[in-house]
Amino acid sequence: MNCIRKLTDDLLWVGGNDRRLHLFENAYPLPDGISYNAYLLLDEKTALLDTVDRAVGDEFFENLNAGLQGRELDYVIINHMEPDHCGTLARLLLRYPDVTVVSNDKVFTMIHQFFGDEASIGNAVSVAEGSTLSLGRHQLTFVMAPMVHWPEVMVTYDQTTGALFSADAFGTFGALDGCLFADEVDFNGHWLDEMRRYYTNIVGKYGGPVQTLLKKAAGLKLQMICPLHGPIWREHMDWLVEKHQLWSAYTPEDEGVLVAYASIYGHTKNAAEVLARELTLAGAKKVRLYDVSETHPSYLVAEAFRSSRWVFLSATYNAGIFPAMETLLNDLKAHGLRNRKVALVENGSWAPAAGKLMKAVLESMKDIQMVEPMVSVRSALREEQLAQLTTLARELLS
Ligand code: FEO
C-alpha cells in the first residue's frame, strides 16, 4: 500500500525511507536510516520534484502512482543529480515516457554520464537562474545553488505557496518514522545532532556556496522548506537558517571543548581523562571526550564544527600519528574547518613524534590558534606533569 503524506492539499510527499543502508555514500553510519524525499505537486499540470535512491524505488513508484490518481505526470524537476536522488530516473522515464524533464544544462550532461542511452528523455526544458515554470496556480522559480554539494545543484521556489524545495540543503540523517514535519518530533536533541552530522560531513566543505544560497534564500518569503533528506520545515525556520549560517561560516555553535584521544594501552586515555578534569575545574562547561578508535570520524567532525576549542592527544605509532587520529585530522582539514583554538598532547615511549606531525596538519588549516607548549608524555603520565596539563587547560580556555 502507498504511504504518501500530504504537505498541503495539492502537495504530496511520495519519497521513501531506507533503514537497511549501513553507510550513506558508503562512508557515513546511518544508525537511524535515511529518507529520500520526493514531492508531487498536483495543479493544472502535475510536477514531480526529484526522484529517489534505487533502494526505495518500489515504494516511491507506488506512492507516485497513488498520488497521481490516474493523471499524467507532466514534469519531473531535477534539483540534484546525485544517485541517492536520481537512481530511479531512468526507470521513471520508462514508466512516464511523455514527461518533460526540467533542469539545468549541467544536470542534462550528468543524466547522460550516469545513464547513457538507458535514460530516454522525450521532452526537456533547460532552465537557468530565475527561470520560471507555471503549473497553473503554482508559479515555480529556479535558483542555482552550485556546490551546495554538487556543481549542478539548483533549488526550486514556489512563489504561490512560499515552499522552497532545497535539495540537500537543510537535510537531516534519519528515516521518517511516521513523521513528516520537523515540528512533529522532538527535534532539539538527537535529530539536531544528526542534522549537524549530516550538514557538516556532507555539505560542510562547501561553506561559501551555502552562504551564497542563504543570501538568496533571505530574499524569499519562506513558508516551508522541503529538503531531500529528513523532516520538512514549516515552523522555526529562522532557527534552522541560523544554525546553517553558523556552520557554513565555520563559527562555533558553543564554547565547548572537543577532547579526542588515540590511545593504545590506556595511557594516552589517562592523560585525556586528567586533562578533561582540569578543563572542567578551570571552568569549561561542555567538555566532550571521545576515543577516536571507538567513535566514527563523522561524529567527531560534527563535534568539531560545534565546539570552539579542540584538544587532540595521540600516541605515536610507526613514527607517525596514530592512524585513527590522522584520519580525523585529515577529515577536519578536508572539510575546511577553521577558526578554532587547539591544544595538543603527544605520547611516545622512545621517540614521540605525533605532536609535531599533528601540529603540521593543524597549521595547514585556516585560522587555527595553537596553544603552546604542547605536552609530551613518555609512556605514562607522571604526577609531576599535572601542572603542565593544568596550564594547558587554562591556556586553552583563556
Ligand atoms: Fe542527498 Fe548530494 O545527495
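## Isoleucine 264 and its surroundings

Let's start with one residue: isoleucine 264 sits in the loop that runs between strand E17 (254-262) and helix H8 (267-281). Please keep in mind that this is a predicted model. Isoleucine 264 counts as partly exposed because its relative accessible area is 40%, and that class lies between the buried limit of under 20% and the exposed limit of over 50%.

Ile264 also belongs to a nonpolar patch on the surface, together with Tyr265 and Tyr317. The accessible area of these three residues together is about 380 Å².

## The largest pocket

Ile264 turns up again here, as one of the residues that lie nearest the centre of the largest pocket. The others named there are Thr316, Gly348, Ser349 and Trp350, and the full lining has 18 residues. Helix H8 and strand E19 (307-317) are the elements that give two or more residues to this lining. E19 has the largest share, with three residues.

The space in the largest pocket is about 380 Å³. What classes of residue make up its lining? There are 10 polar and eight nonpolar residues, and no charged ones.

## The second largest pocket

Next comes the second largest pocket, with about 270 Å³ of space. Its lining has 13 residues, and Arg54, Cys86, Gly87, Thr88 and Phe115 are the ones nearest the centre.

Which helices supply at least two residues each to the lining of the second largest pocket? They are helix H2 (83-86), helix H3 (89-95) and helix H4 (105-115). H3 provides the largest share, three residues. Sorted by class, the lining of the second largest pocket holds seven nonpolar, four charged and two polar residues.

## The enclosed space

Rolling a probe the size of a water molecule over the atoms shows where empty space is left. How many cavities of 30 Å³ or more does a search of the whole structure find? The search finds one. The largest cavity has a volume of about 60 Å³.

Around the largest cavity stand Val148, Ala169, Phe170, Tyr199, Val210, Leu213, Leu214 and His244. Helix H6 (residues 207-218) gives the largest share of this lining, three residues. By class, the lining of the largest cavity is made of seven nonpolar residues and one polar residue, with no charged residues.

## Linings by class

To bring the linings together: charged residues are absent from the lining of the largest pocket and from that of the largest cavity, whereas the second largest pocket has four charged residues in its lining.

Definitions and conventions:
Residues numbered from 1 in each chain as written. Predicted model: local features only at pLDDT ≥ 70, side-chain atom pairs only at ≥ 80, totals over all residues. Heavy atoms only, no water. Patch = residues over 30% accessible without salt bridge, like charges linked within 9 Å, V, L, I, M, F, W, Y side chains within 5 Å. Areas by Shrake-Rupley, 256 points an atom, 1.4 Å probe, with all protein chains shown as cover. Salt bridge = Lys/Arg side-chain N within 4 Å of Asp/Glu carboxyl O. Helix = DSSP H or I, 4+ residues; strand = E, 2+ residues; numbered from the N terminus. Buried < 20%, exposed > 50% of the residue type's maximum accessible area, 1.4 Å probe, protein only. 1 Å grid on protein atoms, 1.4 Å probe; cavity = no way out; pocket = protein on both sides within 12 Å on 5 of 7 lines; lining within 4 Å. Points joined across faces, edges and corners; volume = space filled by probe spheres on them. Nonpolar A, V, L, I, M, F, W, Y, C, P; charged D, E, K, R; others polar.
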